[in-house]
Amino acid sequence: MARIPLIAAILLVLSVARAADAEACGPRVVVRFVEDAGGDWFQIENTSQEAWSIRVLTIVLNGSRGNLVFDTAAGGEGASMHTPFEVIGGEGVGYLGATLVDDGSDAVTLTFSDFRPGRSFDFIVDVDDRLAESDLGQAFVSGREIEGAQANADMVTANGRRARVQGEFRVDGDASLGDGGVCV
Ligand SMILES: [Ca+2]
Ligand SMILES: [Ca+2]
């Protein structure tokens, strides 16, 4: 009679161990923001240890401490030095396109067909803050001002597994998506 609970307990331990393994080797993405007067720079890197590819990645400025906005055209929202969205790097990621980044918008979604681990993608676009008492003036975004902005990604494997990871930009300008970790 005691055997069945014991077997159930062993199966439970095994399944928990498997789940922990999957998590330790799970999908992982880093999105970096670098303030630049010539067009602020975002870099997306697939840092997964396992063969997870980025299918869709979204950056949401809403929620940032600086109430950030994309400044892609003269006038309207944004301070100065407006710069439209432009891809500047991303060899081998199968970039399929991005949602339109209108002046005054606060989110962009990018789609890829082959964004494997170790690869990265770069784009520029002007980002400004909308604080009355801005750290460096509204045309320049400090780490404190991008803190709280979000990014999320839909990840896939070649055999059809799917996962969603998300993270928040920190004061250093980076957002880490997913727990990832070292595969064992
Ligand atoms: Ca503008
Ligand atoms: Ca700016």
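1. In this predicted model, strand S3, which covers residues 53-60, pairs with strand S10, residues 150-156. The two strands are antiparallel and are joined over 7 bridges. Within this pairing, Thr 58 has Asn 152 of S10 as its bridge partner.

2. S3 and S10 belong to an open sheet of 5 strands. The strand order is S6-S7-S3-S10-S11, and the pairing is antiparallel. The edges are formed by strand S6 (95-98) and strand S11 (162-168); each has a single partner strand, so one side of each is left without a neighbour in the sheet. Neighbouring strands of this sheet are turned against each other by 15° on average, direction ignored.

3. A further open sheet of 5 strands follows the order S5-S8-S2-S1-S12, with antiparallel pairing. Here strand S5 (86-89) and strand S12 (174-177) stand at the edges; because each has a single partner strand, one side of each lacks a neighbour in the sheet. From one strand to the next, the twist averages 20°.

4. Strand S1 (residues 29-34) pairs with S2 in the antiparallel sense, over 6 bridges. Two of the facing positions may be located by residue: Val 30 stands opposite Glu 45 in S2, and Arg 32 stands opposite Gln 43 in S2. S1 and S2 form a hairpin with 6 residues between the strands, and in this hairpin Gly 39 takes a positive phi near 125°.

5. S2 is also joined to strand S8, which comprises residues 120-124. These strands run antiparallel and are linked by 5 bridges. Phe 42 has Phe 123 in S8 as its bridge partner.

6. Which side chains of S2 are buried, and which are not? Along this strand (residues 41-46) the side chains alternate between two faces. Phe 42, Ile 44 and Asn 46 point to one face and are buried, whereas Trp 41, Gln 43 and Glu 45 point to the other and are not buried. The earlier pairings can be read against this pattern. Phe 42, which is buried, is the residue bridged to Phe 123 in S8. Glu 45 and Gln 43, which are not buried, stand opposite Val 30 and Arg 32, respectively.

Definitions and conventions: Residues numbered from 1 in each chain as written. Chains lettered and ligands numbered in written order. Predicted model: local features only at pLDDT ≥ 70, side-chain atom pairs only at ≥ 80, totals over all residues. Buried ≥ 20, exposed ≤ 12 C-beta atoms within 10 Å, placed from the backbone. Helix = DSSP H or I, 4+ residues; strand = E, 2+ residues; numbered from the N terminus. Pairing = 2+ DSSP bridges. Axes fitted to C-alpha atoms, helices over the stretch in contact; angles between N-to-C directions.
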